[in-house]
Amino acid sequence: MYICNCNGLNERAVERAIAEGASTTGEVYRALGCKPQCARCVPDVLERLRAHRNARSAVPTIDFDLGDMAVAS
């Protein structure tokens, strides 16, 4: 599905830019080598950024406390 008709950006391109580290709308457009023209796509890009952020925060992280364990040599 196209997100930005002005620049011909589809969902995959936007998702890829986000997965590669873009965390703002400006970063998404820069990563894709363009900028919003009519700005109708900005809410869709923001929605995908929020979804990505929420998905990342929903993944549990595991911290290992190795305490005073010695590293084998």
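**Close-up views of a predicted model**

At 18% relative accessibility, Cys34 falls below the 20% limit and therefore counts as buried. The views described here are taken from a predicted model.

**View A. Surroundings of the cysteines Cys4, Cys34 and Cys41.** The cysteine sulfur closest to that of Cys34 belongs to Cys4, at 6.1 Å, which is too far for a bond. For Cys41, the closest cysteine sulfur is likewise in Cys4. The separation in this case is 3.7 Å, also too far for a bond because a disulfide requires sulfur atoms within 2.5 Å. Cys41 has a relative accessible area of 3% and is therefore buried. Under this criterion, the number of disulfides is zero.

**View B. Packing of helix α1 against helix α3.** Helix α1 spans residues 11-19 and helix α3 residues 42-58. Their axes lie 10 Å apart and form an angle of about 45 degrees, so α1 is oblique to α3. The crossing of α1 past α3 is right-handed. On the α1 side, the contact is made by Glu11, Val14, Glu15, Ile18 and Ala19; α3 contributes Val45, Arg48, Leu49 and His52. By character, the residues of this contact comprise five nonpolar, one polar and three charged.

**View C. Environment of Arg48 in helix α3.** The relative accessibility of Arg48 is 12%, so this residue counts as buried. When neighbours within four places in sequence are set aside, Arg48 is in contact with Glu11, Val14, Glu15 and Ile18, as well as with Met1 and Ile3.

Note on methods
Residues numbered from 1 in each chain as written. Predicted model: local features only at pLDDT ≥ 70, side-chain atom pairs only at ≥ 80, totals over all residues. Heavy atoms only, no water. Axes fitted to C-alpha atoms, helices over the stretch in contact; angles between N-to-C directions. Helix = DSSP H or I, 4+ residues; strand = E, 2+ residues; numbered from the N terminus. Parallel < 35°, antiparallel > 145°, perpendicular 65-115°, else oblique. Left-handed = near helix turned anticlockwise from the far one by under 90°. Contact = heavy atoms within 4.5 Å. Nonpolar A, V, L, I, M, F, W, Y, C, P; charged D, E, K, R; others polar. Buried < 20%, exposed > 50% of the residue type's maximum accessible area, 1.4 Å probe, protein only.
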